[in-house]
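Open your viewer, switch to a cartoon view and keep the selection box handy. We'll go from the whole chain down to single residues.

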Amino acid sequence: MRGTILHSPGDIRSETLPDPAILAPTDAIIETSATCVCGSDLWPYRGINKFSEPWAIGHEYVGIVREVGAEVTTVKPGQFVIGSFFASDNTCPHCRAGYQSGCEQLTPVTGCQAQAIRIPLADGTLVPTPDTPTDDMLPDLLALSDVMGTGWYAARAAGVAPGHTTVVVGDGAVGLSAVLAARELGAERIIALSRHADRQAIAREFGATDIVAERGAEAVERVRELTHGVGADSIAECVGTDESMTTAIDSARQGGGVGFVGVPHGVKLSIGTLFRTHVRLQGGGAPVRDYLPALISRVYDGDFHPGRVFDLTLPLADVAAAYRAMDERRAIKVLLVP
Ligand SMILES: [Zn+2]
């Protein structure tokens, strides 16, 4: 089968790899219907996240179950399924509390930029759709596998509630998805921080009412102006840098909430600031598995199109071009067709 190997920073190749096989009785093998490149794939691609040997990359997928291990009971061959980038048992105390991304058996899913994928803990990880979706639904469903689920968690962790003024820091696919999540959760005013016209347009389409093009302290000043000096009720932080986290916290009103889903790179927190502002923080890898059933229903109900974040579609064989396009910011997110 065709798969993708990241050999060293900047050296990503589409290659012929062995077909995946069932290794544990809880595994399933999926034939990929669509996959994509994540902003977080760019960290190792750019050499910022170190790795010692070539690895099969990619963690977003939708597809058809081809084979299941002896102990798998909730999905069966022929079903169209979506799963998170974290495999989880969905039965341990953390999973039952809604934190499948903190599962006792947590297993990262990788090797998904490929024609077939082995998914561990299939019963806990995979969620079947009501039927086999049409091709035009694939982008919306694929987005649930990571970016939309992560954006949803950012908004939930921020405490977005009806009537809120919500700020979204970050205009990548996750940030844009957080705008959509804030809208769905009832935010009245959604201020998106974005400097790129194409991303601003999608943010508006997803429900942003205001765009702030400034960054850092200037962005905070603009948010203060837009909120009559008060600050926002809820903030979704979707970047992971020290500047973006500071912007998020400083944009909050007293007792506001910050949901942070950008993987932290060099973030330093001031406990004194948190004490003075009563700001609440919750972050981490998103428990996408918890949201999948409800998000799948929203896609099937229509008028919910998280797949709009895909602005380029390429054949899987052109994966290197997909990474270049995202690295050079010519694309927000690239969908790959196996
Ligand atoms: Zn668990």
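Below is a list of stops, each with something to select and a note on what is there.

**Before you click**

This is a predicted model, with local features requiring pLDDT of at least 70 and side-chain atom pairs counted only at pLDDT 80 or more, while totals for chains, interfaces and linings use all residues. Residue numbers start from 1 along each chain as its sequence is written.

**Stop 1: the whole chain**

Select everything. You should find twelve helices and 18 strands in the protein chain; helices (H or I, at least four residues) and strands (E, at least two) are DSSP runs, numbered from the N terminus. Along the principal axes, the C-alpha atoms fill a box of roughly 60 × 40 × 35 Å. The radius of gyration is 19 Å, which agrees with the value near 20 Å that a compact globule of 338 residues would have. That radius is taken over C-alpha atoms, and the globule rule is 2.2 Å times the number of residues to the power 0.38.

Try colouring by burial: 51% of the 338 residues count as buried. Here buried means 20 or more other C-beta atoms within 10 Å of a residue's own, exposed means 12 or fewer, and partly exposed is in between, with C-beta atoms placed from the backbone.

**Stop 2: two domains**

Colour 2–146 + 287–337 as domain 1 and 151–283 as domain 2; these bounds come from an automatic or database domain assignment. Their C-alpha centres lie 26 Å apart. Where they meet, eleven residues of domain 1 are in contact with twelve of domain 2, a contact being two C-beta atoms, placed from the backbone, within 7 Å. The domain 1 side of that meeting divides into seven nonpolar, two polar and two charged residues. For that split, Ala, Val, Leu, Ile, Met, Phe, Trp, Tyr, Cys and Pro count as nonpolar, Asp, Glu, Lys and Arg as charged, and the others, Gly among them, as polar.

**Stop 3: leucine 144**

Select leucine 144, in helix H4 (residues 138–144). Is leucine 144 buried or exposed? It counts as buried, because it has 29 C-beta neighbours inside 10 Å. Beyond residues up to four places away in sequence, leucine 144 touches Ile82, Gly149, Leu292, Leu295, Ile296 and Pro306. Now draw a distance to histidine 164: the two C-alpha atoms are separated by 24 Å, with the residues 20 apart along the chain.

**Stop 4: the nonpolar core**

The largest nonpolar core has 102 residues, and Ala28, Ala154, Val168, Ala178, Val179, Ala182 and Ala236 have the most contacts inside it. Both domains give residues to this core, so it lies between them. A core here is a set of buried Ala, Val, Leu, Ile, Met, Phe, Trp, Tyr and Cys residues joined through C-beta atoms within 7 Å.

Zoom in on alanine 28. Among its contacts, leaving aside neighbours within four places in sequence, are Val65, Val72, Ile119 and Leu126.

**Stop 5: strands S3 and S9**

Show strand S3 (residues 28–36) with S9: they pair in the antiparallel sense over four bridges, where pairing takes at least two DSSP bridges. Isoleucine 29 stands opposite arginine 118 in S9. On strand S9 (residues 116–119), Ala116 and Arg118 point one way, Ile117 and Ile119 the other, and all are buried.

**Stop 6: strand S14 and its partners**

Next, select S14. Six of its six residues are buried, so the strand is largely enclosed by the rest of the structure. S14 pairs with S11 in the parallel sense over four bridges, with valine 168 opposite alanine 236. Five bridges join S14 to S15, also running parallel, and glutamate 237 stands opposite phenylalanine 260 there.

Then add helix H9 (residues 242–250), where seven of nine residues are buried. Its cover includes S11, H8, S14, S15 and H10.

**Stop 7: two positive phi values**

Finish on loops. Histidine 228, between H8 and S14, has a positive phi of about 55 degrees although it is not a glycine. This histidine 228 is exposed, with 7 other C-beta atoms within 10 Å. Arginine 329, in the loop between helix H12 (319–327) and strand S18 (334–337), has a phi near 60 degrees. Arginine 329 counts as exposed, with 11 C-beta neighbours inside 10 Å.
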